[in-house]
Amino acid sequence: MDQTMTQASDKEASVADKLQYMPGFGNDFETETLPGALPQGQNSPQKCNYGLYAEQLSGSPFTAPRGTNERSWLYRIRPSVRHTRRFSNASCPLWKSAPCLDDHSLPLGQLRWGPVPTPDEKLTFLEGVRTMTTAGDALTQTGMAAHVYVFNDDMVDDYLFNADGELLIVPQVGAIRVFTEMGIMDVEPLEIVLIPRGMMFKVLCKGDEKVWRGYICENYGAKFTLPDRGPIGANCLANPRDFKTPVAAFEDKETPCRVHVKWCGKFYVTEIGHSPLDVVAWHGNYAPFKYDLRTFSPVGAILFDHPDPSIFTVLTAPTESAGTANVDFVIFPPRWLVAEHTFRPPWYHRNIMSEFMGLIHGQYDAKEEGFAPGGISLHNMMLPHGPDASGFEKASNAELKPVKLDHTMAFMFETRYPQQVTKYAAELETLQDNYLECWDGLERRFDGTPGIK
Ligand SMILES: [Fe+2]
């Protein structure tokens with residue numbers, strides 16, 4: 001379980017080239033960077049080994065039922081009370097929180113955007129978050145925000161924790177290194193990473209891209225968990241062993257650092273003289289993880305019809321209403337299409353849930369053109385959507401032999417709450433004014449006479 005500890009002066013070289021992870025979803029993990037750093041048989045010894053401080057991080061109320069009770073014990077160089085001094089007000093002007101209403105004049109509609117532009121200036125991950133939509137209310141821990149990020153610089157001495165929700169990060173261009181209190185994860189496009197609510201972290205660039213870009217679901221509600229499989233049984237979809245939690249790692253750094261906090265939609269900053277990523281050992285089940293979307297085992301129609309997209313749910317954040325998600329994270333991965341006498345793309349649809357979609361790479365099967373990798377579409381509560389005219393024409397006349405839908409990965413943040421478009425999104429230069437025209441070619445075919453038209 002040993003993980004090479006890191007030094008601020010030699011960030012890359014001192015971290016083990018091949019990071020280590022522990023498999024499983026929601027497991028009770030234990031990991032230490034130094035032998036004996038983790039107390040055995042108890043959580044809170046009178047004195048901890050190496051002079052470490054013991055601290056609990058609670059991700060659920062103490063009294064949550066066993067199945068949803070989450071907490072971890074951290075053994076660290078300083079307790080967290082030393083990682084936040086007096087806070088100052090700060091701003092992160094393009095990172096918005098729900099409710100965020102009426103700050104633009106864009107009317108209701110089905111919307112689609114091209115990728116966000118590449119910035120000219122240096123931006124870190126924290127500076128590069130741009131909110132596209134918000135839903136629900138961060139103050140009552142309901143709903144979510146859908147963000148894009150674009151950055152090109154490391155968070156070196158800047159750290160963030162978000163008390164408003166967990167962050168599900170979906171890289172689209174460029175691999176990122178996420179250094180959290182509980183370990184380090186390298187995450188590339190086609191992988192996702194989840195940072196629990198309240199966890200300190202920073203994001204670093206990996207590789208030599210000009211820009212690092214992706215999407216974020218900030219989930220204010222109940223934590224993401226695996227969906228029940230129902231009659232699918234014990235296997236397929238996202239399998240627990242494919243979720244990877246990092247082993248412990250820490251920075252031993254005694255230089256000026258800033259800790260940024262997002263709390264009830266506002267940003268604050270505090271200055272300290274050391275790195276807050278100082279957890280030498282930990283155990284528990286409240287922890288970050290990453291997941292490779294290529295390990296998702298899709299299940300689908302093998303005779304006829306197009307099933308609901310819920311069969312592709314990777315993670316779901318439930319609410320008290322059974323089957324009504326605060327937000328689902330759904331993917332549209334490579335898969336075989338084999339259905340007979342069936343219109344194979346997604347059907348035309350109106351939905352009480354609100355659908356925010358992104359495209360990691362390739363082409364989405366409901367749109368022939370216009371939905372580019374890095375782009376976004378928004379089909380809000382009860383607004384109609386579905387295949388464009390050319391996609392309809394093609395699918396209606398296709399020879400229905402088995403077809404591999406390959407080299408594609410789209411995803412959806414689907415929430416029970418209507419999504420409010422931010423001013424940034426409403427005025428973004430890549431908003432496609434002509435999106436509605438994609439359905440213009442869907443002409444009337446009905447003429448009152450029977451027969452296939
Ligand atoms: Fe839909």
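Start at the metal. In sequence, the residues that donate to the iron ion follow the spacing H-x5-E-x29-H. The model you have open is predicted.

**Stop 1: the iron ion**

Select the iron ion together with His-349, Glu-355 and His-385. His-349 donates through ND1 and His-385 through NE2. Glu-355 appears twice among the donors, each time through OE. These protein donors lie 2.2 to 2.4 Å from the iron ion.

What is the geometry of the site? With 4 donor atoms and angles of 56 to 152° among them, it is irregular. Tetrahedral would require all angles to lie between 85 and 135 degrees, so this range does not qualify.

Now colour by secondary structure. Glu-355 sits in strand β26, residues 354–361. His-385 sits in the loop between β27 (376–379) and α2 (389–397). The pair therefore ties together parts that are 30 residues apart in sequence.

Are Glu-355 and His-385 buried or exposed? Both are buried.

**Stop 2: the open sheet**

Next, select the 9 strands of the open sheet, in the order β2-β17-β22-β14-β11-β16-β9-β8-β30. The pairing is antiparallel. Which strands form the edges? They are β2 (21–23) and β30 (420–421), and each pairs on one side only. Strands of a sheet pair through backbone hydrogen bonds.

Zoom in on β9 (residues 142–151) and β16 (residues 212–219). These two strands run antiparallel to each other and pair over 8 bridges. For one bridge to display, pick Val-148 and its partner in β16, Tyr-215.

**Stop 3: a loop residue**

Select Thr-68. It is found in the loop between β4 (53–58) and β5 (71–76). Its relative accessibility is 48%, so Thr-68 counts as partly exposed; the exposed class begins over 50%. Add Gly-26 to the selection. Thr-68 and Gly-26 are 42 residues apart in sequence, and their C-alpha atoms are 9.3 Å apart in space.

**Stop 4: the whole protein**

Zoom out. The protein has 3 helices and 30 strands. Its C-alpha trace spans about 85 × 45 × 40 Å along the principal axes.

How does the radius of gyration fit a compact globule? For 453 residues, such a globule would have a value near 22 Å; the protein has 23 Å, which agrees.

Colour by burial: 54% of the 453 residues are buried. Then switch to the surface. The accessible surface comes to about 20600 Å², and carbon and sulfur atoms account for 52% of it.

Finish with a contact map. Among contacts between residues at least 6 apart in sequence, 77% join residues at least 24 apart.

Definitions and conventions:
Residues are numbered from 1 along each chain as its sequence is written. This is a predicted model: local features need pLDDT of at least 70, side-chain atom pairs count only at pLDDT 80 or more; totals for chains, interfaces and linings use all residues. Side-chain values use heavy atoms; hydrogens and water are left out. Donors are N, O and S atoms within 2.8 Å of the metal (3.2 Å for Na, K and Ca); water is not among the atoms, so sites may look incomplete. Four donors count as tetrahedral if all angles lie between 85 and 135 degrees; four count as square planar and six as octahedral if opposite donors are over 155 degrees apart and all others between 65 and 115; anything else is irregular. Helices (H or I, at least four residues) and strands (E, at least two) are DSSP runs, numbered from the N terminus. Buried means under 20% relative accessible area, exposed over 50%, partly exposed in between (1.4 Å probe, protein chains only). Two strands pair if DSSP finds at least two bridges between them. The radius of gyration is taken over C-alpha atoms; the globule rule is 2.2 Å times the number of residues to the power 0.38. Contact means heavy atoms within 4.5 Å. Accessible areas come from the Shrake-Rupley method with a 1.4 Å probe; for residues, only the protein chains shown count as cover.
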